[in-house]
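Student: I would like to go through the reasoning behind some of the labels used for this model. Please show it first.

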Amino acid sequence: MKEDILKHELVPRHVILSESEIEKVFKDLDFEKDRLPKIKSDDPVVKAIEAKKGDILEITRNSPTAGTFVTYRLVEG
């Protein structure tokens, strides 16, 4: 039986941002989509959430030292 990778304790929360969420998150920044760190389209989590090339993912990690840390990645082919 295959385990759901999204439920694994070491996999941070990944969410595909909508266009309105992208505008809200990056509205006060000099934002260029192509300058975001990349994540491959064949990444197991990208596949599991059915993200497509060009999507921006919000990744939320919990850290014992930093608390909650949010980062963004651009899905690339």
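Student: Which residue in S3 is the bridge partner of arginine 13?

Tutor: Threonine 60 is the partner of arginine 13 in S3. Note that the model is predicted.

Student: What makes S1 and S3 a strand pair?

Tutor: Pairing needs at least two bridges. Strand S1 (residues 13–16) is joined to S3 by four bridges, so the criterion is met. The two strands run antiparallel.

Student: How do you know that S3 and S4 pair, and in which sense?

Tutor: Eight bridges link S3 (residues 56–63) with S4, in the antiparallel sense. The cut-off is at least two, so S3 and S4 count as paired. Serine 63 lies opposite glycine 67 of S4, and leucine 57 lies opposite arginine 73 of S4. The connection from S3 to S4 is a hairpin of three residues.

Student: What makes S2 a partner of S4, and is the sense parallel or antiparallel?

Tutor: Strand S2 (residues 38–40) pairs with S4 over three bridges, in the parallel sense. Since at least two are required, the pair qualifies. Lysine 40 has glutamate 76 as its bridge partner in S4.

Student: Why is threonine 71 called buried?

Tutor: Its relative accessible area is 11%. Buried means under 20%, so threonine 71 is buried. Threonine 71 belongs to strand S4 (residues 67–76).

Student: Which residues does threonine 71 touch, leaving out those up to four places away in sequence?

Tutor: Threonine 71 touches Leu57, Glu58, Ile59 and Arg61.

Student: Why is the link between the side chains of threonine 71 and arginine 73 called a polar contact?

Tutor: The distance between the side chains of threonine 71 and arginine 73 is 2.8 Å. The limit for such a pair of N or O atoms is within 3.5 Å, so the term applies.

Student: What is the mean pLDDT of the protein chain?

Tutor: The mean is 92, and 99% of the residues reach 70 or more. Confidence is highest in S2, at 98, and lowest in helix H1 (residues 19–26), at a mean of 92.

Conventions. Residues are numbered from 1 along each chain as its sequence is written. This is a predicted model: local features need pLDDT of at least 70, side-chain atom pairs count only at pLDDT 80 or more; totals for chains, interfaces and linings use all residues. Side-chain values use heavy atoms; hydrogens and water are left out. Buried means under 20% relative accessible area, exposed over 50%, partly exposed in between (1.4 Å probe, protein chains only). A polar contact is a pair of N or O atoms within 3.5 Å; within protein, one must be able to donate a hydrogen and the other to accept it, and residues adjacent in sequence count only if both atoms are side-chain atoms. Contact means heavy atoms within 4.5 Å. pLDDT is the predictor's confidence in each residue, from 0 to 100.
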